[in-house]
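Biologist: Could you walk me through this one? I have not looked at it before.

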Amino acid sequence: MKVKHMTFLAMYTTIALTIFVVESMIPPLAPIPGIKLGLANVVTLWLLYYTSWKDAGIVLLMRILIASMVTGQMVSFCYSLCGGLCCFAAMSLLFLVLGKQYMVFISIIGALFHNLGQILIAILILQSLSILTYLPFLIISAILTGTFTGFAAWFASRRLRRDQVWFSP
């Protein structure tokens with residue numbers, strides 16, 4: 001991997017981490033624990049739109065790892081990783097199948113898969129199916145937050161053309 005490409009990935013990882021930290025300072029959106037906007041996913045969507053699934057995946061994994069270490073919440077690492085990987089797999093596949101014009105829909109599906117991934121890991125860790133009672137609330141929140149994040153990424157993709165931003169070769 002070339003130095004310029006590593007710098008490119010580090011820059012977008014930093015942007016995603018900054019968004020994650022700023023979002024963690026926002027008061028909870030709902031009285032239900034764990035519901036967040038997921039604004040750092042804008043970076044993942046944007047990278048899927050303009051670069052490759054490999055670059056987006058590397059930035060996602062680095063963001064999850066560094067955020068878990070920096071916040072001191074390595075316990076939540078499993079939840080973040082499982083949710084992030086499920087979300088990423090769904091969004092990457094949909095970008096491949098549907099193309100770039102369905103960014104908001106892809107974001108909603110990504111948010112749904114993120115929540116499903118977290119529910120699955122919670123079932124494994126807690127050894128209980130009672131966590132499934134939480135699923136309807138997570139589905140509603142995924143639709144709302146996925147829509148918001150998708151529109152944010154769509155708007156960014158319209159405002160920032162590829163030639164206006166530093167890109168990896």
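Modeller: A good place to begin is helix α2 (residues 41–50), which is mostly covered, with 10 of its 10 residues buried, where buried means under 20% relative accessible area, exposed over 50% and partly exposed in between, using a 1.4 Å probe and protein chains only. Please keep in mind that this is a predicted model, in which local features need pLDDT of at least 70 and side-chain atom pairs count only at pLDDT 80 or more, while totals for chains, interfaces and linings use all residues. Residues are numbered from 1 along each chain as its sequence is written, and side-chain values use heavy atoms, with hydrogens and water left out.

Biologist: What covers the buried residues of α2?

Modeller: The cover includes α1 (3–24), α3, α4 (77–98), α5 and α6. Among the buried residues of α2 are W46, L47 and Y49.

Biologist: And how many helices and strands are there in the protein?

Modeller: There are six helices and zero strands, so called from DSSP runs numbered from the N terminus, with helices being H or I of at least four residues and strands E of at least two. From the N terminus on, the order of elements is α-α-α-α-α-α. The radius of gyration, taken over C-alpha atoms, is 16 Å, close to the 15 Å that the globule rule gives for 169 residues, so the protein is as compact as a globular protein of that length; the rule itself is 2.2 Å times the number of residues to the power 0.38.

Biologist: What share of the 169 residues counts as buried?

Modeller: For the protein, that share is 41%.

Biologist: Switching topic, at what angle do α5 and α6 pack?

Modeller: Helix α5 (residues 103–126) and helix α6 (residues 135–159) pack at about 140°, with their axes 7 Å apart; axes are lines fitted to C-alpha atoms, for helices over the stretch in contact, and angles run from 0 to 180 degrees between N-to-C directions. The two helices are therefore oblique to each other, given that angles under 35 degrees count as roughly parallel, over 145 as roughly antiparallel, 65 to 115 as roughly perpendicular and the rest as oblique.

Biologist: Back to single residues: is D55 buried or exposed?

Modeller: D55 counts as buried because its relative accessibility is 8%. D55 is found in helix α3 (residues 53–71), and, leaving out residues up to four places away in sequence, D55 touches H5, F8, L9 and L47, where contact means heavy atoms within 4.5 Å.
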